[in-house]
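Visitor: I should be grateful for a close look at one helix of this structure, set against other parts of the chain.

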Amino acid sequence: MTTTTLAALVPLLPFLGAAAGLLLGRTAPGFVRPLAVLPTLASLVLAVLVAAHQGGGRAVDAATELTPTGSVPIELALHIDGFAALVAVLVGVVATCVQIYSTGYLRDDPRYPSYAALVSLFTSAMLLVVYSGDLIVLLVGWEIMGICSYFLVGHYWETPEARAASIKAFLVTKLGDVPFLIGLFALAADTGSFRITKVLGAVANGGLHHPTVIALLLLAGVAGKSAQFPLHTWLPDAMAGPTPVSALIHAATMVAAGVYFVARLLPVFQASTAAMVVLAVMAAVTMTGSALAALAQDDIKRVLAYSTIGQLGYMTGALAVGDRGAAVFHLLSHGAFKALLFLAAGVIIHAAGTNSLAAMSRMADLRDRVPDAYWTMTVALLALAAIPPFSGFFSKESVLGAAEHVATGHTDHAPGSAGWIVLVAGLVTAVLTAAYAMRLWLLAFRGRGAKAPDHGRQPLVMNAVLWVLAVPSLAFGGLAFRVLPDWFDGRDLTPTLTTSVLGTGLALVGGIVTYGAWRHTGALAARVPLGAVAAHPEADAGLVEAEAIASHRPAYGDIAYATDPADPGRLLLGPLHRHAATGFHLDTVYAALFVRPVMAGASLVRFLDREVVETYVRGAGAVPRLLGAAVRRAQTGNVQTYVSALLAGTVVLAVAAVLLATGA
Amino acid sequence: MHLAYPAVLSTLLFCTGLYGVLARRNAILVLMSVELMLNAVNLNLVAFDVWLSKAARDTLHSGQALTLFTITIAAAEIGIGLAIVLAVYRNRGTSDIDRLRDAAEGPDDDSGPGHDSDAAAAAQAAEKTEATA
């Protein structure tokens, strides 16, 4: 088979799996698990084959036009370069891991068939985005991912949190997608094609007339999908979905789609200096703000969600300094270790029966209950904090190195101010990242107090997947940074000495300070007993998690926040803690700016409909009713009256006919 | 005989019948007036048939044939009509057309069909009891 055929099969197989899963889910429950896992696994194998065929050499391009579509043609096109091939492998790996993990995690869930089918559909859409060489086809995958995310976040729709979160995720990403669509049209209008190769060719020849407008419009969509400030607020709330969904969609793949899109069309963005600076500022605000917020969260998954936002900030930062190799390198390593973090968090939530770090910090021996999750999560947190030699170190250093390169003015493909913004924000975030990684680890695994409840052994599939993902978290960065430049633009990804020493040093400082704060506050823990544990030793992990999320607000008063004086984050952030826990009140601002005006507009429309429009409608009914009442008076019931009227009418008609006939 | 005589006679008969239909209160008399009108028509048909056949323009005597039809139908009509009047009389104890006003709409009857039929049924029941008493 040719590479093109293989590549076309990669998104197609999970799609067929999803269709079959949705059709057979009720009638043949025995087939649901194979239908969920096997197509994804097969497409992973095919993606690996495609990557091997492509081998980082010339991009594979193929296109077919199904039907003429007017002025700008829309083609089913493939454009597989090194970026696409490797990102597809990452998507395949994470999707396969998540599907296998879900068979254990949601083993008793009544809605598992539709869940698995939606995950397959989502995987297929993401692979379509990755491979597509046509921007409209890419948009199709992009929007399918959006709707799958909506359904999967709302998987536990019995809980109000999940319902609200799914609607919020959908609306906020759509808010970005509308400008994104307009931006795509503007781009096609300028360059005359939706094909990525032709667009890039036109940009290289200076065919882009409105680069800033187009780049900013496209950035809105990217900010929505990749959860960048100011459209990131949906991602922490989306943690109300099942943990495997968070791992797949909200850590490794969908949120990376925006970064990947910018990486593909980077020359379009580079054509506008303003867009690059906006991208840099967006990245800087996103990474520092989200790292501060992550330090204050109580829900273990919300910590990871804010951490995802921050790491995506690193990727957009790398793009802002014009180094897409570093961005996609960080995307790949982050995809592996963040998926691992989420999946391990799922195991921990199951074992502890709660998603609250405050409650976990009052459980002794939690790490002995889940040794696999303990070790793999330690690896992943070290990778997150960018400690050498874990994979996160190499990818993050490549980002910081690129920023330093631009800041010191060695290149002219990105503005120097963008370099400084990204570099400073990146270094500040390195401290904070290490701090919240340390806090998460200490609170989850070094708890003191009563023994953790016994929830039995974790399913084997769940633990096995953790170790599979631990391998790339540990070794991918170190092995890949020499090889990857051949696949990417050829720019060197080796860590530079200055940023490595600075970054690692700052990370160590962050970790040690957090440890000190934890030692200091640890004594307070015993005095304030806390803990809402949804103990269901027999239930599957999904049910435990759903109850844990639903009980967080009644137990602690807020979904993200717990009044726990023993929290080292509280000591470190000081008065900032209260604001960081709520994501710096951005939701309140949005509520005041958008939600309330929309609500007011809706009630105005309701008033107009009920009181104004309906008055006219009622008036339209009342006039015929009055006429009808008048006519009814003639209906006396006396037949003779009727006949008299009939006679009179006949006479009138006859006279008229005679007059007409005689022409008088 | 000149055509004018039967034509005038039939007009007088028709007008008498019309007056009876419009003005009489007894249902049987109304039916009899209808018969008068029909017979006026019959007379007209026969007279004009004769007049036309004299002019030798019509040899089929369709007027006479149509008269036979009318007579048959009038017989059937009066049979059914009298049967209905008899049934109404047995039910209501009267055959006065002015009192048979079940098809009337009340002047301020605005409240929909349900109420309407209820009121009619109540009125009918009242009349029935009146009849049997």
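Guide: The account below begins with the basis of the model and then turns to the helix.

This is a predicted model, in which local features need pLDDT of at least 70 and side-chain atom pairs count only at pLDDT 80 or more, while totals for chains, interfaces and linings use all residues. Residues are numbered from 1 along each chain as its sequence is written, and chains are lettered from A and ligands numbered from 1 in the order in which they are written.

The part chosen is helix α27 of chain A, residues 586-632; helices are DSSP runs of H or I with at least four residues, and strands are runs of E with at least two, numbered from the N terminus. Its 47 residues reach 65 Å from first C-alpha to last, close to the expected 69 Å, the expected span being 1.5 Å times one less than the number of residues. A kink of about 40° in α27(A) is centred on A:Ala592; the bend at a residue is the angle between axes fitted to the seven residues ending there and the seven starting there. α27(A) is hardly covered, with zero buried residues among its 47. A residue is buried if 20 or more other C-beta atoms lie within 10 Å of its own, exposed if 12 or fewer, and partly exposed in between, with C-beta atoms placed from the backbone.

Helix α19(A) has 16 of its 17 residues buried, so the rest of the structure largely encloses it. This helix, residues 391-407, reaches 25 Å, close to the 24 Å expected. Just after α19(A), A:Gly409 takes a positive phi of about 80°.
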